[in-house]
Amino acid sequence: MDRTLDFGVGVLRRPRAADAEHITSICQDPAIQRFTRVPIPYTLADAERFIEATDERWRAGTPATFMVEVDGRVVANVGLVHLDVEDGWGEIGYWTAPDMRRRGITTAAVSRVCAWAFENVGLARLQLETASGNTGSQRVAQRLGFCKEGVRRSAAVLRATGGMPRERTDMTMWGLLPNDFESRK
């Protein structure tokens, strides 16, 4: 597989050791900490572990996590957070730097990873879950043709950030099949 995937406004590429400080900075964002599973607090050591784990997957032939680079700057991460090649499905996860949201970059990058997963990995299904308050991720799912499949009530605990208390939240399950993805083009 190529080291990079072009998606029009940027490239998706393998994480590098030099990305660690920038990843650490982005992952300080309260929304990323609230709606994803990044450690809190997120440290440089966390970013280095993430890069090493991702590198191991790439070396094993499963390049399922990509850094999103626009104009030479890492602005997001998109990956298959769960991948079951035998059963033919994967779960997409992503985060985006706060100053790069609402520009279509995340939608374009996730779309390219979906195309890659269907075409190169041979998946029959992609899914993602969004917390009830994560309207940005819900909009990305809708734009890409993911079908809302249901709500898992009180399925996750949003972690405390910025003095906010921990709270249970509903998680919406979204599914995308190759035909759904192709028909939206």
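Trainee: How much area does the chain expose, and how much of it do carbon and sulfur atoms supply?

Mentor: The chain exposes about 9400 Å², and carbon and sulfur atoms supply 48% of that (Shrake-Rupley method, 1.4 Å probe, only the protein chains shown counting as cover for residues). This is a predicted model: local features need pLDDT of at least 70, side-chain atom pairs count only at pLDDT 80 or more, and totals for chains, interfaces and linings use all residues. Residues are numbered from 1 along each chain as its sequence is written, and side-chain values use heavy atoms, with hydrogens and water left out.

Trainee: And what share of the residues is buried?

Mentor: Of the 185 residues in the chain, 48% are buried (under 20% relative accessible area; exposed is over 50%, partly exposed in between; 1.4 Å probe, protein chains only).

Trainee: How many helices and strands are there?

Mentor: The chain has six helices and eight strands (DSSP runs numbered from the N terminus: H or I of at least four residues, E of at least two). Starting at the N terminus, the order is β-β-α-α-α-β-β-β-α-β-α-β-β-α.

Trainee: What size of box do the C-alpha atoms fill?

Mentor: Along the principal axes, the C-alpha atoms of the chain fill roughly 45 × 40 × 30 Å.

Trainee: Changing topic, how many aromatic pairs does the structure hold?

Mentor: The structure holds three (ring centres of Phe, Tyr or Trp, six-membered ring, within 6.5 Å; planes under 30 degrees apart are stacked, over 60 edge-to-face, the rest tilted). One of them is Trp58 with Phe66, which is edge-to-face because the planes are at 80 degrees, with the ring centres 5.6 Å apart.

Trainee: Are those two buried or exposed?

Mentor: Trp58 is buried at 9% relative accessibility, and Phe66 is buried at 0%. Ring pairs join Trp58 and Phe66 with Trp116 in a cluster.

Trainee: What about Phe118 and Phe181, how are their rings arranged?

Mentor: Their planes are at 55 degrees and their centres 5.9 Å apart, so that pair is tilted. The pair links distant parts of the chain, 63 residues apart: Phe118 sits in helix H4 (residues 105-121) and Phe181 in helix H6 (residues 178-183). Phe118 is buried at 13%, and Phe181 is buried at 1%.

Trainee: How many disulfides does a search find?

Mentor: Zero in the whole structure (a disulfide being two cysteine sulfur atoms within 2.5 Å).

Trainee: Why no bond for Cys114?

Mentor: The closest cysteine sulfur, in Cys147, is 12 Å from the sulfur of Cys114, so it is too far for a bond. Cys114 is buried at 0% relative accessibility; Cys27 is buried too, at 1%.
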